[in-house]
Amino acid sequence: MGKSKEKDKDIKTNAMRILEKNNIPFEINTYECDEFIDGLTVAEHNGQDPEISYKTLVTEGKSGEYYVFVIPIAEELDLKKAARSVGEKSVEMIHVKDINKITGYIRGGCTPLGMKKQYITVLDRSAEKYEKIIISGGRIGSQIILKPMNLVKVVRGKIEDIIK
């Protein structure tokens, strides 16, 4: 897995275009990778602090609505807290095979920016401690580094305590 910080057209994703359109400053990091590997392994290979690396999880509420939760890669989503944060009785993780159908992304390349629909998005409160966090860039091998509040602003989301 190599690392590069180029900013060119080849690596630009819809997520990055959305940030540019909204005048949100961000950095891009790319790395060589052809298939899904977990976020901790990616952070380790890229020499990144896993505490500022966040993953995007998609759930379905009892109502049938979908919700997006962005949490630290080493943490687990607390389904009860997550449900409360979006006003649902309960939420369940969607099945891996449904990620593309619901979000337009694939496992390992899912980002809260530029999904097929803008679902209600909640960023874990832990992000408030950091100047910048790392999220998927919208495809495997691509990352976006940005201020947590800028992410919340562009997805019209909110910050809540949603991890175990």
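## Salt bridges, a sheet and an aromatic pair

Glu-27 counts as partly exposed, because its relative accessibility is 34%. In this scheme, buried means under 20% relative accessible area, exposed means over 50%, and partly exposed covers what lies in between, with a 1.4 Å probe and protein chains only. The model is predicted: local features need pLDDT of at least 70, side-chain atom pairs count only at pLDDT 80 or more, and totals for chains, interfaces and linings use all residues. Residues are numbered from 1 along each chain as its sequence is written, while side-chain values use heavy atoms and leave out hydrogens and water.

**Salt bridges**

A salt bridge is a side-chain nitrogen of Lys or Arg within 4 Å of a carboxyl oxygen of Asp or Glu. By this rule the structure has 8 salt bridges. The table presents some of them, including the one formed by Glu-27.

| Salt bridge | Distance between N and O |
|---|---|
| Glu-27 and Lys-132 | 2.6 Å |
| Lys-164 and Glu-76 | 3.2 Å |
| Asp-98 and Lys-97 | 3.4 Å |

Helices (H or I, at least four residues) and strands (E, at least two) are DSSP runs, numbered from the N terminus. What do Glu-27 and Lys-132 tie together? Glu-27 belongs to strand β2 (residues 27-31) and Lys-132 to the loop between β6 (120-124) and β7 (133-136), so their salt bridge ties together parts that are 105 residues apart in sequence. Lys-132, with 30% relative accessibility, counts as partly exposed.

The salt bridge of Lys-164 with Glu-76 also links distant parts of the chain: Lys-164 is in the segment after β9, and Glu-76 is in the loop between β4 and α3 (79-85), 88 residues apart. Both Lys-164 and Glu-76 are exposed.

Asp-98 and Lys-97 present a contrast: Asp-98 is buried at 17% relative accessibility, whereas Lys-97 is exposed at 63%. A network of salt bridges links these two residues with Lys-101.

**The sheet**

Two strands pair if DSSP finds at least two bridges between them. An open sheet of 5 strands, with mixed pairing, follows the order β5-β3-β4-β6-β9. Its edge strands, β5 (91-93) and β9 (158-160), each pair on one side only. Within this sheet, β3 (residues 54-61) and β4 (residues 66-72) run antiparallel and are joined by 7 bridges. Leu-57 has Phe-69 in β4 as its bridge partner.

**The aromatic pair**

Rings of Phe, Tyr and Trp (its six-membered ring) pair if their centres lie within 6.5 Å; planes under 30 degrees apart count as stacked, over 60 as edge-to-face and the rest as tilted. This rule gives 1 aromatic pair. The ring centres of Tyr-66 and Tyr-119 are 5.7 Å apart and the planes stand at 75°, so the pair is edge-to-face. Tyr-66 is in strand β4 and Tyr-119 in the loop between α4 (99-103) and β6, so the pair ties together parts that are 53 residues apart in sequence. Tyr-66 is partly exposed at 22% relative accessibility, and Tyr-119 is buried with a relative accessible area of 9%.

**A buried glutamine**

Gln-48 is located in the loop between α2 (39-46) and β3. Is Gln-48 buried or exposed? Gln-48 has a relative accessible area of 15% and is therefore buried. Contact means heavy atoms within 4.5 Å. Leaving aside residues up to four places away in sequence, Gln-48 touches several residues, among them Asn-29, Val-42 and Ile-134.
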